[in-house]
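Welcome to a short set of worked exercises. Have the viewer open, try each task yourself, and then compare your steps with the solution.

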Amino acid sequence: MYTVIQNVFLCASSFISSSVICPLNVDPTFDIIPSSLFAGHKIVLPPLPVDTGLKKIPDAAHPFKAPGPTDQRGPCPALNTLANHGYIPRTGIASFEQILNGTGEGFNMARDLAGFLAGFAMLARGNAFEDLLSIGGEDHRVPPLPGQIDGPGRPGGIAKHGRFEGDVSMTRQDAALGDDRHFQDSLFDQFLAYIGHFGDNSPVTGNYSLVNLKVMQEFKWERFLDDQSRDPKLSFHAGRIGSSYNEAAFILKFFANGTDETLSIPSLGSIFRNQTFAPNWWRRASPGDVALILATASDVLSAHLVQPGQNAPNLTYITDPPYVGPCNAAYFDLAVLNLPYTYTTLINHSTGLFAENVKTLLGVVAGAFNCTVIPPAGPVGT
Ligand code: HEM
């Protein structure tokens, strides 16, 4: 638990590195910032879209442009694609509201699901005071958090390993094994092999050319077995299992063409490899929400059950004890054990803008799980 000693230490150490961010007469809630330096930005849920049906994507206002040298891109194929088409800022530095609007417009992702993803990412890897998140790595446009409450550095962006980016991805390596940020041809080739073996037939793209549930079940299982056998640091606790199987469900439910709900190899490659929408691609015909994704993820997992756990250095997989805590194991792991405890100090002691934003996002994240907010208790600066 957070103690006064930790508070003093935190501010003392941040004073050494930057007297501007944590001045001598520091507010213990970390919420007093010289306004000329950091204005802050109030996070407000944007209005729900009225237009939520089938739609050809991209429209004329959102042409593909390859990212420039300072544009951020990262481990999420969907956010990269949205940025390449300007559905979220092409810089790859986006606000919570921009991500909700962009994922809604481009993929018809429902508010509860996008709110959870963007809210959790902002708290874990962004700046919730400035309302800025990098969809790639650390960036000078995203300043360190007020009072350096998550350590002295800038937020890592969603590409930073841990908290959100994790092991057993489909097209990125585990961080301990290689490149966990960029698309990996070797992994995508394995994905293609599974489609070639278990996929459905299409009169247009050929036999064994469509992604289906069986493909995802077998490919995800193979990805787990592969990483489990090679990664001495494999971490696959409840939160990461949840995210990882949800991402498999995203492929089935969001990458498929909304016209006939099929996902062909060329469409899959377009988004994953080229980070652009396939020609004549339509977003899904109704918003895809948390319930849809949880049900689909559970279908994917059901073929080969994997227990939450982690590898010992000798590559033995150690399963976690059964979860007996409040609400839901994945929520508890992600939002309580992973987010820094200093957010709890902040919301308990301050009513300022930073605290308000953190409260808003914690509420959105908990709401997606039907949980009431449990204050974060995780380590700082990880
Ligand atoms: C709403 C904001 C979103 C955030 C903050 C976000 C964040 C992330 C992050 C951090 C990862 C890397 C996880 C890992 O280590 O595997 C990831 C992967 C992924 N995301 Fe997103 N995402 C968002 C929206 C979406 C949407 C709208 C879709 C689908 C339309 C999507 C599909 C995927 C897929 C398929 C992967 C897995 C890539 C792989 O395993 O190779 N994401 N996302």
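**Exercise 1: A covered helix**

The buried residues of α10 pack against α4, α7 and α12 (353-368). This is a predicted model, where local features need pLDDT of at least 70, side-chain atom pairs count only at pLDDT 80 or more, and totals for chains, interfaces and linings use all residues. Residues are numbered from 1 along each chain as its sequence is written.

Task: find which residues of α10 are buried.

Solution.
- Step 1. Fix the terms: helices (H or I, at least four residues) and strands (E, at least two) are DSSP runs, numbered from the N terminus. A residue is buried if 20 or more other C-beta atoms lie within 10 Å of its own, exposed if 12 or fewer, and partly exposed in between, with C-beta atoms placed from the backbone.
- Step 2. Go to residues 329-337, the span of α10, where 7 of 9 residues are buried.
- Step 3. Name them: Ala330, Tyr331, Phe332, Asp333, Leu334, Ala335 and Val336.

**Exercise 2: The overall build**

Task: describe the protein by its helices and strands, its radius of gyration and its burial.

Solution.
- Step 1. Count the elements: there are 12 helices and 9 strands.
- Step 2. Apply the globule rule, 2.2 Å times the number of residues to the power 0.38, with the radius of gyration taken over C-alpha atoms. For 382 residues a compact globule would have a radius near 21 Å, and the protein agrees because its own value is 21 Å.
- Step 3. Add the extent of the C-alpha trace, which spans about 70 × 50 × 40 Å along the principal axes.
- Step 4. Add burial: 47% of the 382 residues count as buried.
- Step 5. Look at contacts (C-beta atoms, placed from the backbone, within 7 Å). Among those with a separation of 6 or more, 67% join residues 24 or more positions apart.

**Exercise 3: Two domains and their core**

Task: work out how domain 1 and domain 2 meet, and where the largest nonpolar core lies.

Solution.
- Step 1. Take the division into domain 1 (1-165 + 336-382) and domain 2 (167-320); such bounds come from an automatic or database domain assignment.
- Step 2. Across the boundary, 29 residues of domain 1 are in contact with 24 residues of domain 2. On the domain 1 side, β1 (55-56), α2, α3 and α4 give two or more residues each, and α2 gives the most, with 5.
- Step 3. Sort that side by class, with Ala, Val, Leu, Ile, Met, Phe, Trp, Tyr, Cys and Pro as nonpolar, Asp, Glu, Lys and Arg as charged, and the others, Gly among them, as polar. The result is 14 nonpolar, 11 polar and 4 charged residues.
- Step 4. Turn to the core, a set of buried Ala, Val, Leu, Ile, Met, Phe, Trp, Tyr and Cys residues joined through C-beta atoms within 7 Å. The largest has 90 residues, and those touching the most other members include Phe120, Leu123 and Leu361. Both domains give residues to this core, so it lies between them.
- Step 5. Zoom in on Leu361: beyond its neighbours within four places in sequence, it is in contact with Ile43, Gly119, Met122, Leu123 and Ala128.

**Exercise 4: The ligand shell**

Task: say which residues come nearest to the ligand and where its shell lies.

Solution.
- Step 1. Use the rule for near: a C-beta atom, placed from the backbone, within 6 Å of the molecule. Of the 25 residues around the ligand, Cys76, Ala78, Ser169, Thr171 and Phe254 come nearest.
- Step 2. Trace the helices: α2 (77-84), α3 (96-107), α4 (111-125) and α7 (238-254) each supply at least two shell residues.
- Step 3. Sort by class: 18 are nonpolar, 4 polar and 3 charged.
- Step 4. Place the ligand: domain 1 and domain 2 both give residues to its shell, so it lies between them.

**Exercise 5: Backbone details in loops**

Task: which peptide bond is cis, and is Leu315 buried or exposed?

Solution.
- Step 1. The cis bond joins Ile57 and Pro58, with omega about 0°; Pro58 lies in the loop between β1 and α2.
- Step 2. Leu315, not a glycine, has a positive phi of about 70° and sits in the loop between β8 (309-311) and β9 (317-319). Leu315 counts as exposed because it has 12 C-beta neighbours inside 10 Å.
- Step 3. Cys327 also has a positive phi, about 60°, in the loop between β9 and α10. With 17 other C-beta atoms within 10 Å, Cys327 is partly exposed.
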